[in-house]
Amino acid sequence: GAIFFNHESERRTSEYVSRKITQSVVRIFLKKQKKLFLGDIKGKIDWGYAKDYAEIAWKIMHHKKPEFFIIASGKTFSVKHFAKSCFEYVGLNYKKYLKVDKKLLRKSKTSNLKGDIKKAKKLINYKVKTNLKNIIKIMMDDELRKYNQ
């Protein structure tokens, strides 16, 4: 068995903050939207890539002995960092477009969860393949491609 931390991808729906951000940033870049409204931009997330997690899930299922693993990136970055990086990807200053809307704040007891991946590294040779910068590139390129067809 395993616990998989946030696994982002270009297939996420817009209810997820990562996808809401990438869609909005591209729309702002193309002048189809004026602002990006988010709630808690200070909350930190352990962002991983879904494709990597699917590969490691296969590896876990084929591990000789049943074990319990935590699969994550082992690093946390804030929602603000994610949004700022997406804006930078298209050459925009996030400060002009990102607005905090208190109505979007969710009650959460956890604002910083980081996965401990030591056991997975040791027993199944788990390596983080896709870092946050590359996740953002994948998601932003996918979003931009939709408007360039």
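Okay, Lys-121. That one sits in helix α4, and at 46% relative accessibility it comes out as partly exposed. This is a predicted model, by the way, so please hear everything I say in that light. Now, what does Lys-121 tell us about the layout? Take Leu-30 as a partner: the two are 91 residues apart in sequence, and their C-alpha atoms are 42 Å apart in space. To put that in context, the C-alpha trace of the protein chain spans about 55 × 40 × 20 Å along its principal axes.

While we're on the overall picture, let me run through the fold. The protein chain has five helices and eight strands. If you read along the sequence, the order is β-β-α-β-β-β-α-β-β-α-β-α-α. Of the 149 residues, 39% are buried. And for the contacts with a separation of 6 or more, 84% are between residues 24 or more positions apart. On the surface side, the chain exposes about 9700 Å², with carbon and sulfur atoms supplying 53% of that.

Right, back to the α4 end of things. Just past that helix there's Asn-125, in the loop between α4, which is 118-124, and α5, which is 132-147. Asn-125 isn't a glycine, yet it has a positive phi of about 55 degrees. Its relative accessibility is 45%, so we call it partly exposed. Which residue of helix α2 touches Asn-125? That would be Lys-59. Leaving out residues up to four places away in sequence, Lys-59 touches Ile-124 and Asn-125. Lys-59 and Asn-125 are 66 residues apart along the chain, with a C-alpha separation of 9.6 Å. Lys-59 itself is in α2, residues 50-61, and it's partly exposed too, at 34%.

There's another non-glycine with a positive phi, and that's Lys-31, at about 60 degrees. You'll find it in the loop between α1 (17-29) and β3 (36-38). Is Lys-31 buried or exposed? Exposed: the relative accessible area is 74%, and the cut-off for exposed is over 50%, so it clears that.

Let's go inside now. Thr-22 is in helix α1, and its relative accessible area is 0%, so it's buried. What does it touch, once you drop the residues up to four places away? The list is Phe-82, Cys-86, Met-139, Met-140 and Glu-143. Two of those names, Phe-82 and Cys-86, come back when you look at α3, because both are on its list of buried residues, and buried here means under 20% relative accessible area. The full list for α3 is Val-79, Phe-82, Ala-83, Ser-85, Cys-86 and Phe-87. As a reminder, an α-helix has 3.6 residues a turn, so residues three or four places apart point the same way. The cover over those buried α3 residues includes α1, β3, β4 (44-45), β7 (77-78), β8 (98-100) and α5. After α3 comes Gly-91, with a positive phi near 75 degrees.

Next, a buried charged residue for the electrostatics people. Glu-8 is in strand β2, residues 7-8, and at 2% relative accessibility it counts as buried. Which side chains does the Glu-8 side chain make polar contacts with? One is Arg-12, at 3.1 Å, and another is Ser-18, at 2.3 Å. Setting aside neighbours within four places in sequence, Glu-8 is in contact with Ser-18, Trp-47, Gly-48, Tyr-49, Ala-50, Ile-135 and Met-139. You'll remember Met-139 from a minute ago, since Thr-22 touches it as well.

Last stop, for anyone thinking about grids: the second largest pocket. Rolling a probe the size of a water molecule over the atoms shows where empty space is left. This pocket has a volume of about 320 Å³. Its lining runs to 15 residues, and the ones nearest the centre are Phe-77, His-81, Asn-131, Leu-132 and Lys-133. Which helices each give at least two residues to that lining? That's α3, 79-89, and α5. By type, the lining residues divide into six nonpolar, five polar and four charged. So α3 turns up both here, in the pocket lining, and back in the interior with its buried residues.

Okay, that's my tour. Over to you.

Terms used: Residues numbered from 1 in each chain as written. Predicted model: local features only at pLDDT ≥ 70, side-chain atom pairs only at ≥ 80, totals over all residues. Heavy atoms only, no water. Helix = DSSP H or I, 4+ residues; strand = E, 2+ residues; numbered from the N terminus. Buried < 20%, exposed > 50% of the residue type's maximum accessible area, 1.4 Å probe, protein only. 1 Å grid on protein atoms, 1.4 Å probe; cavity = no way out; pocket = protein on both sides within 12 Å on 5 of 7 lines; lining within 4 Å. Points joined across faces, edges and corners; volume = space filled by probe spheres on them. Nonpolar A, V, L, I, M, F, W, Y, C, P; charged D, E, K, R; others polar. Contact = heavy atoms within 4.5 Å. Polar contact = N/O pair within 3.5 Å; in protein donor to acceptor, adjacent residues only side chain to side chain. Areas by Shrake-Rupley, 256 points an atom, 1.4 Å probe, with all protein chains shown as cover.
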